[in-house]
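Here are a few notes to read alongside the model. I hope they help you find your way around its interior.

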Amino acid sequence: MAGVASNRRRRGSQPARLALLVVVAVAMACVVAEGKVVHVEEPHRRSMLANGLGSAPPMGWNSWNHFQCDGNGEVVIRETADALVSTGLAALGYKYVNIDDCWAEPKRDAMGNLVANTRTFPHGIKALADYVHSKGLKLGIYSDAGFQTCAKVQPGSLGHEEQDAGTFAAWGVDYIKYDNCNNGDLKPLERYPEMSKALMKAGRPIYFSLCEWGDMHPARWGAAYGNSWRTTNDIADTWESMIATADQNEVWAEYARPGGWNDPDMLEVGNGGMTNSEYVVHFSLWAISKAPLIIGCDVRHMSQETYDILANKEVIAVNQDPLGVQGKKVRMEGSNEIWAATLSDYRTAVVLLNRHATDEATITAHWDDVGLPAGTAVEARDLWLHKTLDAAFTDRMAFDVAPRSCRMFVLKPRHR
């Protein structure tokens with residue numbers, strides 16, 4: 001969310017080689033963050049095993065990147081739900097329709113409850129959730145762990161965690177994005193557990209998306225409380241912001257797993273700030289990184305080029321692969337990069353990325369970089385050309401890649 005935190009550009013440090021072990025059978029869990037050990041009682045643990053959500057990265061849409069506060073409202077949410085269905089995006093997995101900041105009245109009612117803004121959401125959130133559910137979709141909402149949300153136009157949930165969680169559940173909310181603005185001296189580990197516990201008691205499975213911009217390295221501790229956690233600052237609709245965000249998120253790859261995902265922020269595909277080739281890179285890197293695929297453009301009026309990116313079934317399948325292994329940057333040579341991720345059924349996803357602004361490059365992926373045994377013969381499926389290449393590749397593959405572009409493949413061992 002691009003509120004008061006939008007001017008922050010902190011970069012996460014290299015992670016320790018310690019992976020969190022998420023086990024429901026134990027009585028206590030220890031989470032390490034900034035040298036501090038936090039003990040979380042088992043009944044209040046959050047993980048895929050606890051709420052049954054997040055077995056694959058979530059897919060959907062969020063209002064902020066395109067509309068922010070000024071254009072968001074009930075009409076936009078309803079029409080977006082309609083568009084997700086009519087375009088076929090919903091059938092591809094884009095199920096969450098998420099309302100971001102500025103949906104509530106500036107003050108709570110006499111009972112302390114959050115109230116939908118009567119001008120922009122005149123029928124209330126419950127009726128909107130019912131409409132979204134009638135389309136076979138899920139409704140998401142936004143709140144904050146502080147006294148106000150980032151845009152400072154509505155109350156946060158600090159001190160009202162159980163009340164708000166109960167309200168969201170009663171409304172039929174399926175997803176909550178939970179920011180950390182206006183936090184004073186309170187740290188995330190002193191505030192996210194409260195909403196996590198409250199959601200566990202609310203009686204409705206709600207996907208919990210933590211958002212504190214990676215400041216306290218949430219990949220190290222987020223799995224104890226939520227289903228995904230922001231590892232980066234807010235993305236902007238530029239090549240420089242997108243590629244830096246991908247870099248920062250990649251640092252934490254080994255912490256991602258089914259039930260808990262690193263989140264490099266929402267997609268900018270279709271918002272107009274990048275070329276089509278740059279948006280292909282954007283979507284490819286988010287897919288191989290097992291990032292939440294949350295659309296940020298106006299799907300009611302998207303171009304055919306934008307649709308073709310967002311609706312690429314083969315690239316989506318890499319993101320949703322059940323093995324849940326986040327891709328990593330396995331080689332860098334100047335502006336040339338190779339990203340790779342192990343997939344189910346002995347397959348490997350590979351992205352050949354040319355970050356140079358003007359020059360074409362020949363990029364070679366070697367098997368010892370992408371994790372394939374020496375001598376393995378593979379067939380290569382080009383995910384953007386939608387074709388299996390005629391040649392068989394053994395030990396390496398090389399392709400010419402245009403500037404600020406990529407090639408994306410799934411490699412599958414050939415039967416002897």
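The points below cover the basis of the model, its nonpolar cores, its cavity and one helix.

1. This is a predicted model, where local features need pLDDT of at least 70, side-chain atom pairs count only at pLDDT 80 or more, and totals for chains, interfaces and linings use all residues. Residues are numbered from 1 along each chain as its sequence is written, and side-chain values use heavy atoms, with hydrogens and water left out.

2. Let's start with the largest nonpolar core (buried Ala, Val, Leu, Ile, Met, Phe, Trp, Tyr and Cys joined through side-chain atoms within 4.5 Å; buried means under 20% relative accessible area with a 1.4 Å probe, protein chains only). Of its 95 residues, Y94, W103, I125, F283, L285 and L310 touch the most other members. Helix 8 (residues 276–288) gives this core its largest share, eight residues.

3. A second, separate core has 19 residues, including A340, V370, V401 and F409.

4. Beyond its neighbours within four places in sequence, Y94 has contacts (heavy atoms within 4.5 Å) that include L84, L137, F283 and L310.

5. Which residues of helix 6 (residues 192–201) are buried? They are Y192, P193, M195, S196, A198 and L199. Among the elements covering them are helix 5 (161–171), strand 6 (175–179) and strand 7 (207–210); helices (H or I, at least four residues) and strands (E, at least two) are DSSP runs, numbered from the N terminus. After helix 6 comes G203, with a positive phi near 85°.

How values were computed:
Buried means under 20% relative accessible area, exposed over 50%, partly exposed in between (1.4 Å probe, protein chains only).
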